[in-house]
Amino acid sequence: MSTPELNKALVKFHAAMEGNIKKQSQAHQYKYADLGSTLDVIREPLAAAELAVTQTTACYRDTSPPTSVLITTLRHASGEEISSEFYLDLEAQSLKNANPMQNIGSTITYTRRYALQAILNLASEDDDGVSSTAKPPKQQTKAEPEQNKFYNEKYDTSKTLEKWPAQAKEEIAEIAFPGRLLAWKKDNNTMLGRLQKAHPDKFAEVGAAYKTQEENLKGK
């Protein structure tokens with residue numbers, strides 16, 4: 001879909017922005033620009049360019065297990081818009097000694113900031129690069145055993161591995177939106193890797209089904 005008016009507005013928006021978004025918050029012994037700081041900086045330039053951003057969540061239940069995503073949409077007063085989807089790992093333990101809902105809230109807020117800056121092609125002074133490498137490794141160490149348990153129980157036998165391609169092709173054929181198709185691929189990445197090693201021919205069949213559906217969904 002062509003977005004000439006939105007494109008002009010983005011040029012105006014970037015002309016109004018002065019440099020990178022400044023560091024405001026502090027965590028893990030370093031400073032970074034949090035979501036609130038980012039919104040404060042871009043709110044007036046967006047309005048002046050007749051732009052607005054909305055961020056919502058969605059759960060795609062046609063994947064196994066269901067996949068949660070953050071949908072960021074940049075809208076122009078003309079009605080033109082562009083959007084992006086970002087996978088949400090709602091099982092990540094991003095906060096220490098926090099309950100599940102607090103961790104979910106933290107994950108969504110963190111993802112919102114990155115998705116917002118990405119769709120507007122902005123950067124904070126440090127891009128919060130340290131946070132993406134300092135804390136997560138310990139968090140993933142806790143989460144991986146449960147994930148591995150799920151895959152081990154469901155996929156480790158050769159019998160299951162041989163049957164999965166047929167199920168995968170059926171799931172792919174039922175997907176109706178490009179975003180969901182991509183989410184399916186990400187969700188089944190581990191299984192696809194195992195299939196490629198054990199049964200290259202069946203992996204090729206699933207790949208062909210994915211490409212066919214990808215072509216079918218172009219433009220949606």
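Here's a quick briefing on how this chain is put together, from the overall layout down to one strand and one helix pair. Keep in mind that this is a predicted model. The protein chain comes to nine helices and five strands, and 33% of its 220 residues are buried. The parts worth a look here are a three-stranded sheet with the order β3-β4-β5, the residue His 76 in strand β4, and the packing of helices α8 and α9.

**Overall layout**
- Reading from the N terminus, the elements go α-β-β-α-β-β-β-α-α-α-α-α-α-α.
- If you take contacts between residues at least 6 apart in sequence, 60% of them join residues at least 24 apart.

**The sheet**
- Strands of a sheet pair through backbone hydrogen bonds, and the pairing can be parallel or antiparallel.
- Here the sheet is open, and its three strands pair in antiparallel fashion.
- β3 (51-60) and β5 (81-87) sit at the edges, each pairing on one side only.
- From one strand to the next, the twist averages 20°.
- Helix α7 (residues 178-187) lies across β3, β4 and β5, and its direction is at about 55° to β3.

**How the strands are joined**
- β3 and β4 run antiparallel and are joined by ten bridges.
- Along that pairing, Ala 52 stands opposite Arg 75 in β4.
- The two strands β3 and β4 make a hairpin, with six residues between them.
- On the other side, seven bridges link β4 (residues 67-76) to β5, again antiparallel.
- Two of the residue pairs to look for there are Thr 73 with its bridge partner Ser 83 in β5, and Thr 72 with Ser 84 in β5.
- The hairpin of β4 and β5 has four residues between its strands, and Gly 79 in that hairpin takes a positive phi near 105°.

**Strand β4 and His 76**
- Nine of the ten residues of β4 are buried, so the strand is largely enclosed by the rest of the structure.
- His 76 belongs to β4, and with a relative accessible area of 11% it falls under the 20% cut-off, so it counts as buried.
- The side chain of His 76 makes a polar contact of 2.8 Å with the side chain of Ser 78.
- Setting aside neighbours within four places in sequence, His 76 touches Glu 5, Leu 6 and Ala 9, along with Ala 49, Glu 50 and Leu 51.

**Helices α8 and α9**
- Two packed helices are described by the angle between their axes and the distance between those axes.
- For α8 (residues 189-198) and α9 (residues 200-216), the angle is about 135° and the axes are 5 Å apart.
- That angle is not over 145°, the cut-off for roughly antiparallel, so α8 and α9 count as oblique to each other.
- The α8 side of the contact is made up of Leu 192, Leu 195, Gln 196, Lys 197 and Ala 198, which meet Pro 200, Lys 202, Phe 203 and Val 206 in α9.
- Sorted by class, the contact of α8 with α9 has six nonpolar residues, one polar residue and two charged ones.

Technical notes
Residues numbered from 1 in each chain as written. Predicted model: local features only at pLDDT ≥ 70, side-chain atom pairs only at ≥ 80, totals over all residues. Heavy atoms only, no water. Axes fitted to C-alpha atoms, helices over the stretch in contact; angles between N-to-C directions. Parallel < 35°, antiparallel > 145°, perpendicular 65-115°, else oblique. Contact = heavy atoms within 4.5 Å. Nonpolar A, V, L, I, M, F, W, Y, C, P; charged D, E, K, R; others polar. Pairing = 2+ DSSP bridges. Buried < 20%, exposed > 50% of the residue type's maximum accessible area, 1.4 Å probe, protein only. Polar contact = N/O pair within 3.5 Å; in protein donor to acceptor, adjacent residues only side chain to side chain.
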